[in-house]
Amino acid sequence: MTVLCPEGHESTAEDWCDICGSPIAPDLPGAVGSPTPNDSASGLPGAVDGGVGVLTQPAWPPAGAPSGPACPVCAEPRSGSRYCEACAYDFDTGAPLAAPTPEPLQPAPPTPSSSASSASAASVSPTAGSGGAGAGWVAEVCPDRAFFDRNDDEVEFPDPPTSRLVVLSGERTLIGRRSPRRDLRPEIDLSVAPEDRGASRAHAFLDHTGDGRLTVTDLGSANGTWIGDDPDPISPGRSVPLVDGDRLYLGSFTRITVRRSH
Amino acid sequence: MVSFTSEVHLNPHLPEEGTQVDVVVTVTADVGVPGARTGAGPDAVEVILLDCSGSMGGGRKMEEARRAAAVAVDTLRDGVSFAVVQGESDSTMVYPRKGLAVVSDQTRREAKSRISRLKPGGGTAIGAWLLTARGLMLTAPGAIHHAILLTDGQNGERPPAFAKALAACEGVFQCDARGVGADWNVDELRKVSTALLGSVALLRSPADIAEDFRTIIQTVMDRGLSDVRLRVWAPRGSTVRFVRQVSPQIEDLTHRAVAVSDLVHDYPTGAWGSEVRNYHVCIDVPPAPVGGRRLAARISLLDGEETLSTAKAEVTWTDDLAESTRINPVVAHWTGQSELASAIQDGIRARQAGDEDTAATALGLAARLAAESGDVDTLRRLEKVVDIVDAPTGHVTLRREVDRLDEMDLDASSTRTVTPKLP
């Protein structure tokens, strides 16, 4: 006895397709490919029926969200900046971090990807994205003396200035400092020794979509994010495209160099 | 009455195009009262492997090993099959002379009489001892197979021979390995416990052996299911990054996968008593559009072909950043415990290699992770190797004088985990 799943597979399991995992049972709304605006499992306090119907617009913020010193989403006390340090909630507009506005950076997709190149990076998922799965990125994180000297922060330059390489997997990488209390575990964790306390807990995002583009978005960090030699920090909440070899500067001494992992 | 229940912990919200799903399954098993079972429950086989090499003649080691073996024999339940093996450059049957004996008052008495006459002499060949145990186990198919290994020195075998022996024993029996004194090699015994789904520990003083043996045998006697498998189904197009037991101790099971079909893999978990274990499964699944849902994994425990329990990891894709970046505290805890074990082992390796900066960084990370998870036992062990200046920031300084026993204890205990303190 088999049932047909929304994707057309014959499944012996009657709750979720035993081929592709799509929901089958009637009480499991929202088949893969037929998005629902409201997610009953969200568990958010005050989560309301979206009713909006626009897929890119989630039911947000919760109706009657309390306005006060604490973030209405994650209860993190407001640090004084416009964005919540823990979850990037925007206190001014009551919206979560604006979806990055894609700016065409490299119109041509990367050369036909060889899956072998991504296989060398263990944490790069071969299933990520659909179009250029080989277009991976890595980030080199290391203390930068010249940047540190410009900053005049009251900290010591790390000795030894150890660097590390982070393979960017999935499609979004959080730069920040780990905070179990705030349920925050950045992939690029600047609380790992040598800790850079000049970086905010939730400092910035790197977005790396399947088409091989990479952008950085400052989450309203306390001390800002700079790209290359630009004298001004990038604007919070705006995604800025990056190219191979770009250097990000943030915190008291951290330099993050992004490279394509070919 | 056997009952297994599974509880799932995960953040079910994935970001748009996100693929990585981290699931922790907490399995609570109740196997009833073993020994009180009627009918054809699995019988148990216990093989006691005692190091009787020349070095055991130092201090009170041989004397205490004899006493511990006698306590172990006394702790065995009537009707269980057993053997005592003397390990030297090769291995010799102590009791019975050949094959396995069945526990009764008479065989206990005879075994203890032979044990009391054991004398030290010869070398250490752990692989050869394990192969002897393997031969004995294979004479009793279908039973719960367990061995205790006690040694005080480093293995004298060439690494390929040792590795080959371990591979041969994998899946045949489980083994808890114990080192007494400060002259054994933690890595070597950890290889045994990892391959044979057991534990490793340091026994500081020979006088500790007997009580430890009693605890181990009691645990084995309370086991009611011999060979339970963890079965993971993941949807087409997905990749299993790792499958890891995270409690009571960390065991990476990823490379132990046995393919049942394209989408289903089985992992060995050994024998179970009434206990709680946690498994961390990390899978990359093909993303669905925002708002779409998918079953990312079906994680079951099986005894033979009987499904004992099933847990389902359902995920949904969202463009709500607050939801997709939220971290499940249970998943975070077990991830931290795995990082803690690696940090301790890395730190000790670096310290032994004279790389003090790396050692201080790694052991500092360990101190921070241990403090965050409220792992006071590990903090206490760390404090004997480093001075913890500030645990929350991971600031430690290496101690000049470290007792080798303290460092070995920290190393051997690194894979033992604590359960999360949750509100």
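Modeller: Start with burial. A residue is buried if 20 or more other C-beta atoms lie within 10 Å of its own, exposed if 12 or fewer, and partly exposed in between, with C-beta atoms placed from the backbone. The model here is predicted: local features need pLDDT of at least 70, side-chain atom pairs count only at pLDDT 80 or more, and totals for chains, interfaces and linings use all residues. Residues are numbered from 1 along each chain as its sequence is written, while chains are lettered from A and ligands numbered from 1 in the order in which they are written.

Colleague: How many helices and strands does chain A have?

Modeller: Helices (H or I, at least four residues) and strands (E, at least two) are DSSP runs, numbered from the N terminus. Chain A has two helices and 12 strands. Read from the N terminus, its order is β-β-α-β-α-β-β-β-β-β-β-β-β-β. Of the 262 residues in chain A, 37% are buried.

Colleague: What share of the contacts in chain A comes from residues 24 or more positions apart?

Modeller: A contact means two C-beta atoms, placed from the backbone, within 7 Å. Among chain A contacts with a separation of 6 or more, 45% come from residues 24 or more positions apart.

Colleague: Back to burial. Which residues lie on the two faces of β5(A)?

Modeller: One face carries Arg172(A), Leu174(A) and Gly176(A); the other carries Thr173(A) and Ile175(A); all are buried. Strand β5 spans residues 172-176 of chain A, and five of its five residues are buried, so the rest of the structure largely encloses it.

Colleague: Which partners does Ile175(A) stand opposite?

Modeller: Pairing first: two strands pair if DSSP finds at least two bridges between them. Five bridges tie β5(A) to β7 (residues 202-208) of chain A in the antiparallel sense. There, Ile175(A) faces Ala204(A). Two bridges link β5(A) to β6 (residues 188-189) of chain A, running parallel. In β6(A), the residue opposite Ile175(A) is Ile188(A).

Colleague: Now chain B. How many residues of β9 are buried?

Modeller: Seven of the seven residues of β9 (residues 174-180) of chain B are buried, so this strand too is largely enclosed by the rest of the structure. Gln174(B), Asp176(B), Arg178(B) and Val180(B) sit on one side, with Cys175(B), Ala177(B) and Gly179(B) on the other. Strand β8 (residues 144-151) of chain B runs parallel to β9(B), joined by six bridges. One of the paired positions is Leu150(B) with Arg178(B).

Colleague: In what order do the five strands of the open sheet in chain B lie?

Modeller: The order is β1-β3-β16-β12-β13, with antiparallel pairing. Its edges are β1 (3-9) and β13 (251-252) of chain B, each pairing on one side only. Inside the sheet, seven bridges join β12 (residues 239-247) to antiparallel β16 (residues 275-284) of chain B. Val240(B) is opposite Ile283(B) there.

Colleague: On to helices. At what angle do α8 and α9 of chain B pack?

Modeller: Axes are lines fitted to C-alpha atoms, for helices over the stretch in contact, and angles run from 0 to 180 degrees between N-to-C directions. Helix α8 (residues 329-352) and helix α9 (residues 356-372) of chain B pack at about 155°, axes 8 Å apart. Angles under 35 degrees count as roughly parallel, over 145 as roughly antiparallel, 65 to 115 as roughly perpendicular and the rest as oblique. α8(B) and α9(B) are therefore roughly antiparallel.

Colleague: Which residues of α8(B) and α9(B) meet?

Modeller: Those from α8(B) include Leu340(B), Ala343(B) and Ile344(B), and those from α9(B) include Leu363(B), Ala366(B) and Leu369(B). By class, the contact has 11 nonpolar, three polar and four charged residues. The classes are nonpolar (Ala, Val, Leu, Ile, Met, Phe, Trp, Tyr, Cys and Pro), charged (Asp, Glu, Lys and Arg) and polar (the others, Gly among them).

Colleague: Last topic, the backbone. Where are the cis peptide bonds that precede Pro96(B) and Pro248(B)?

Modeller: Most residues other than glycine have a negative phi, and most peptide bonds are trans. Tyr95(B) and Pro96(B) are joined by a cis bond, with omega about -15°. Pro96(B) is in the loop between β6 (91-95) and β7 (101-102) of chain B. Another cis bond joins Ser247(B) to Pro248(B), with omega about 5°. That proline, Pro248(B), lies in the loop between β12 and β13 of chain B.

Colleague: And is Glu17(B), with its positive phi, buried or exposed?

Modeller: Glu17(B) has phi near 70°. Its 20 C-beta neighbours inside 10 Å make it count as buried. Leu197(B) also has a positive phi, about 50°. Leu197(B) is buried, with 22 other C-beta atoms within 10 Å.
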